[in-house]
Amino acid sequence: MARLPGRTRRRALSRLATAAIAAVLVGTTAGIANADPAPSHESRAESPRFPLLATDGAGALFEYLPDGHGGFGDRKQVAPRWRATATVQVDLDQNGLVDSHYFRTADGSLYLAHLKDNVRRIGGGWDIYNRLLSPGDLTGSGTPSLLARDKTGDLWIYQARPDGTLTDRVRVGPGWDVYTDIVGRGDLNGDGHTDIVAKDRNGVLWFYKGTGNINDPFESRVRIGGGWDAYDMLVSSGDVNLDGRSDLLARDHDGVLWLYKGNGNQNDPFDNRVRIGGGWDEYTNLF
């Protein structure tokens, strides 16, 4: 096993202790350690560098770290059974590296697992949402935002406080149930604001540029292009190829994972796809 820098090893050990508690809460006896890869460039909140997490049909949770070449290293099993109904990685201190997880349990409770604290319960009733994600700081507050889509199609935004607790929700707007995927991690077009992309049921991908305003966090959508129904899952773990720009991952119906490198373009933020590899259809979820 490669030796990690001292700071990275300390972070990994702290995560192991914290996530062991989280694992108990979701019914497994193993802990989860998300060690950061040794940095090849300075991580930034605008182009975060998160691990890619994956769960298989048996509920086992695996972690992939970026290899610095546009792909991922060997997987590591970090929990034999992960029973959370939703898991969201976040970067509370906004240094570009994951330091916390929000996860929802079967009873609708939302918890926060932070590397410096025990797991804390945020609150109940989160089963009203069918999608949770945190693309980064959408409001300019210096802490990450949490987006939640309810079952009527309304999208809501919560702002995290430095301790991971959440402010009252603010309604973004209706009609978000037209999308099968809503993803993003960091600034996609280089304007300093966190962005997202969304795929509709016709396979068209749309770009929502961030504004930094909690009451109106996105500009009007911009069409990136069609044909994205070739993919059954989109996911963003941030900067995969470690070039300082956030990227997009897409899994096709044959189980092949593709990388769309970020290019900083205002209207078409991704380069042509690059094949990472096959066999990714063994996973029921990527996040």
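**Salt bridges, strands and two positive phi angles**

Let me start with Asp232, which at 35% relative accessibility counts as partly exposed; by that I mean a relative accessible area between the cut-offs for buried (under 20%) and exposed (over 50%), computed with a 1.4 Å probe on protein chains only. Please keep in mind that this is a predicted model, in which local features need pLDDT of at least 70 and side-chain atom pairs count only at pLDDT 80 or more, whereas totals for chains, interfaces and linings use all residues. Residues are numbered from 1 along each chain as its sequence is written, and side-chain values use heavy atoms, with hydrogens and water left out.

Which residue does Asp232 meet in a salt bridge? Its partner is Arg251, at 3.0 Å from N to O, where a salt bridge is a side-chain nitrogen of Lys or Arg within 4 Å of a carboxyl oxygen of Asp or Glu. Because Arg251 lies in strand S17 (residues 248-252) and Asp232 in strand S16 (residues 231-235), the pair ties together parts that are 19 residues apart in sequence; helices (H or I, at least four residues) and strands (E, at least two) are taken here as DSSP runs, numbered from the N terminus. Arg251, in contrast to the partly exposed Asp232, is buried, with a relative accessible area of 6%.

The two strands are also joined through their backbones in the DSSP sense, in which strands pair if at least two bridges are found between them: S16 and S17 run antiparallel and are joined by four bridges, and Met233 has Arg251 as its bridge partner in S17. Four of the five residues of S16 are buried, which means that this strand is largely enclosed by the rest of the structure. In the loop between S16 and S17 sits Leu242, whose phi is near 60°, a positive value in a residue other than glycine, and Leu242 is buried at 17%.

How many salt bridges does the structure hold? There are seven, and I will describe two further ones. Glu63 pairs with Lys76, the closest N and O atoms being 3.6 Å apart. Since Glu63 belongs to strand S2 (residues 61-64) and Lys76 to strand S3 (residues 76-79), this pair ties together parts that are 13 residues apart in sequence. Glu63 is buried, at 2% relative accessibility, while Lys76 is partly exposed, at 36%.

The other one joins the side chains of Arg75 and Glu282, at 3.2 Å from N to O. This pair links distant parts of the chain, 207 residues apart, with Arg75 in the loop between S2 and S3 and Glu282 in the loop between strand S19 (274-277) and strand S20 (283-286). Both ends count as partly exposed, Arg75 at 38% and Glu282 at 41%.

Finally, two loop residues on either side of S5. Gln94 is placed in the loop between strand S4 (86-90) and S5, has a phi near 55°, again positive in a residue other than glycine, and is partly exposed at 21%. Ser109 lies in the loop between strand S5 (100-104) and strand S6 (110-114) and is buried, at 2% relative accessibility. What does Ser109 touch, not counting residues up to four places away in sequence? With contact taken as heavy atoms within 4.5 Å, Ser109 touches Phe103, Arg104, Arg121, Gly123 and Gly124.
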